[in-house]
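Trainee: I'm new to reading structures like this one. Can we go through it together?

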Amino acid sequence: MPIDVGGFLETPYGVLEYYLGNYPIIGTSEEGRNIRLVNLARRPKLLVVAGVHGDEISGVLACLMAIEKYKHQRPPLALIPCANPDGLARFTRENYNGIDINRSFPPLGNGRPKETWTIIRVLRNLGPEMVLDLHELGLLYFPKILYFGQDHKNLLEILRSRLGPFTGVNDSPKTPGSLGCYLLNQGIPCVVLELPLYVPLQRRASKCLNCIQETLNYLEN
Ligand SMILES: [Zn+2]
């Protein structure tokens, strides 16, 4: 372990940088924190995006778990483990400037934040077959899966058999400015996982990891 004089490793962002320090920086946040891409394949089929809302941390944790699990196996998987590091550092939904990244994608939003541009750039460079966007929500009993674009009936059935009950909602027209709606316009299917906050963090992170695993299997077969 390194000597941690400033207490950096006691912060969630510090932990993230400790684990991800060898992976490329693909952008910086409005306050200058690193946004990193972990690409495990030459042509990733699945891009996982986590931490778009800085106070929803199970997805961030699940990305670290997925990187540990897959770093030698190298499946067609790429991850942005934390898209909003300023929000993570402050435990806020929004970024440093108080902007909700998930309402700042085209066609909405003027003065689009750097975090949003970073995600757009990665999408253009990688051209994934599907995006999995990991979130959390307070007033839920069962997990909720929002899907954008085509009805991923087979994937939803697989997830239902492996993850237990959840509600599946076609959210395509509802939230302009979100990553899901942007992807719909780009023709890239997107699945958004919303996990209930009453479930302990470790279990939420495990559910996210299962979801990454099953979506990857679905795309590979
Ligand atoms: Zn969210």
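Mentor: Sure. Start with burial: a residue is buried if 20 or more other C-beta atoms lie within 10 Å of its own. Keep in mind that this is a predicted model.

Trainee: Which residues of α6 are buried?

Mentor: Leu-179, Gly-180, Cys-181, Tyr-182, Leu-183 and Leu-184. That's six of the eight residues in the helix, so α6 is largely enclosed by the rest of the structure.

Trainee: What covers the buried residues of α6?

Mentor: The cover includes the helix α4 (114–126) along with β4 (46–50), β6 (130–137), β7 (144–148) and β9 (190–196). Just after α6 comes Gly-187, with a positive phi near 80°.

Trainee: Which residues have the most contacts inside the largest nonpolar core?

Mentor: Look for Val-48, Val-49, Ala-50, Ala-62 and Leu-132, in a core of 57 residues. Take Ala-62: setting aside neighbours within four places in sequence, this residue touches Ala-50, Leu-134, Ala-205, Cys-208, Leu-209 and Ile-212.

Trainee: And strands? How many bridges join β1 to β2?

Mentor: Three, and the two strands run antiparallel. For one of the pairs, find Gly-27, whose partner in β2 is Ile-35. Five residues sit between the strands of this hairpin, where Gly-32 has a positive phi near 95°.

Trainee: What about the whole chain: what is its radius of gyration?

Mentor: It's 16 Å, which agrees with the value near 17 Å for a compact globule of 221 residues. The chain has seven helices and nine strands, and 43% of its residues count as buried.

Technical notes:
Residues numbered from 1 in each chain as written. Predicted model: local features only at pLDDT ≥ 70, side-chain atom pairs only at ≥ 80, totals over all residues. Buried ≥ 20, exposed ≤ 12 C-beta atoms within 10 Å, placed from the backbone. Helix = DSSP H or I, 4+ residues; strand = E, 2+ residues; numbered from the N terminus. Contact = placed C-beta atoms within 7 Å. Core = buried A, V, L, I, M, F, W, Y, C linked by C-beta atoms within 7 Å. Pairing = 2+ DSSP bridges. Rg over C-alpha atoms; globule rule 2.2 N^0.38 Å.
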